[in-house]
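Student: Got a minute to go through this model with me? I'd like to start with the strands and then move on to the rest.

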Amino acid sequence: MIIKDIPVYDGLLIHKRFAYTYFRKKTLPIGNIVAFRAPMNVLADGMIDSEDILQNDFIYSKDAINFCWEIPNVDPYGAVAFQRLLNTQIASILSSKYLKKPIEVDGDDLMVHDEFEGSDGSLQKIGKCSVSITYSKDSIALGHTGINIDAGRQAPNFAYSTKLTDEQAEQFMKDVIETFYNMSDDIFIATTKVIC
């Protein structure tokens, strides 16, 4: 579902379950995803990643596509495994269909192999176009992946802007949502085929 009611992603959406708010009786047991276009400005109170908090780091993007998901019955290991799998699929879609540039998945980061000007004006040869975090609370996996359209001058020097057009951004959100549901459904079906 593409939503329009979040003006700025501040990290707080994934601090608790949110799927029912948007899907009501259509909330699925295999998980749900929302996508929206909004700047990212995540400060300490919206952070989940303890490394970012310890380093007094922040998340910023002038314009980004945000994907937030909620999946029931997933432990912390499964949450991270799903995040890495989803981010790999996002990288594949973004690389092959939109950017036509190689994208390497490094942990949960999407690294675009392309020359670009960093926020300080210096030439960069590889850039990070994403931010992502996931965790599991009470056996519910909650996660976020943000993809920069325009990282902006306040973003770190390594932040890469995909420069997707409005039409591309809308289609990209639809592509990732479809991939999420196909993947979640396929994973669930695979769990039912095991003979014990």
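Tutor: Sure. Keep in mind that this is a predicted model. Let's begin with β6 and β7, which run antiparallel and are joined by 8 bridges.

Student: Which residue sits opposite serine 132 there?

Tutor: That's threonine 145, in β7.

Student: And how many residues lie between β6 and β7 in the hairpin?

Tutor: There are 2, and aspartate 138 in that turn has a positive phi of about 55 degrees.

Student: How many residues of β6 are buried?

Tutor: 6 of its 8 residues, so the strand, which covers residues 130-137, is mostly covered.

Student: What about β4 and β5, in which sense do they pair?

Tutor: Antiparallel, over 5 bridges. Their hairpin has 5 residues between the strands, and glycine 121 takes a positive phi near 90 degrees.

Student: What stands opposite glutamate 117?

Tutor: Leucine 123, in β5. Glutamate 117 also forms a salt bridge with arginine 153, with the closest N and O atoms 3.1 Å apart.

Student: Where do those two partners lie?

Tutor: Glutamate 117 is in β4 and arginine 153 is in the loop between β7 and α4, so the pair ties together parts that are 36 residues apart in sequence.

Student: Buried or exposed, that pair?

Tutor: Both glutamate 117 and arginine 153 are exposed.

Student: How many salt bridges are there in the whole structure?

Tutor: A search finds 10. Another of them joins arginine 37 and aspartate 63, whose closest N and O atoms are 2.6 Å apart. Arginine 37 lies in strand β1 and aspartate 63 in strand β2, so this pair ties together parts that are 26 residues apart in sequence.

Student: Why does aspartate 63 count as buried?

Tutor: Because its relative accessibility is 18%, and the cut-off for buried is under 20%. Arginine 37, at 30%, counts as partly exposed.

Student: Which residues are in the salt-bridge network?

Tutor: Arg37, Asp63 and Asp166 are linked in it.

Student: OK, new topic: α4. How many residues does it have?

Tutor: It has 27, running over residues 166-192. From its first C-alpha to its last it reaches 40 Å, close to the 39 Å expected.

Student: Which of its residues are buried?

Tutor: Among them are Ala169, Phe172, Met173, Val176, Ile177 and Phe180. It's worth remembering that residues three or four places apart in an α-helix point the same way, because there are 3.6 residues a turn.

Student: What do the buried residues of α4 pack against?

Tutor: Two helices, α1 and α3, plus the strands β1, β2 and β7.

Student: And isoleucine 2, where does that lie?

Tutor: In the segment before α1. Isoleucine 2 counts as partly exposed, at 25% relative accessibility. Leaving aside residues up to four places away in sequence, isoleucine 2 touches Ala35, Glu170, Met173, Lys174 and Ile177.

Student: How many residues separate isoleucine 2 and methionine 173 along the chain?

Tutor: They're 171 residues apart, yet their C-alpha atoms are separated by 7.4 Å.

Student: Which side chain does glutamate 170 meet in a salt bridge?

Tutor: The side chain of lysine 4, at 4.0 Å from N to O. That pair links distant parts of the chain, with glutamate 170 in helix α4 and lysine 4 in the segment before α1, 166 residues apart.

Student: How exposed are they: what are the relative accessible areas?

Tutor: Glutamate 170 is partly exposed at 29%, whereas lysine 4 is exposed at 69%.

Terms used: Residues are numbered from 1 along each chain as its sequence is written. This is a predicted model: local features need pLDDT of at least 70, side-chain atom pairs count only at pLDDT 80 or more; totals for chains, interfaces and linings use all residues. Side-chain values use heavy atoms; hydrogens and water are left out. Helices (H or I, at least four residues) and strands (E, at least two) are DSSP runs, numbered from the N terminus. The expected span of a helix is 1.5 Å times one less than its number of residues. Buried means under 20% relative accessible area, exposed over 50%, partly exposed in between (1.4 Å probe, protein chains only). Contact means heavy atoms within 4.5 Å. Two strands pair if DSSP finds at least two bridges between them.
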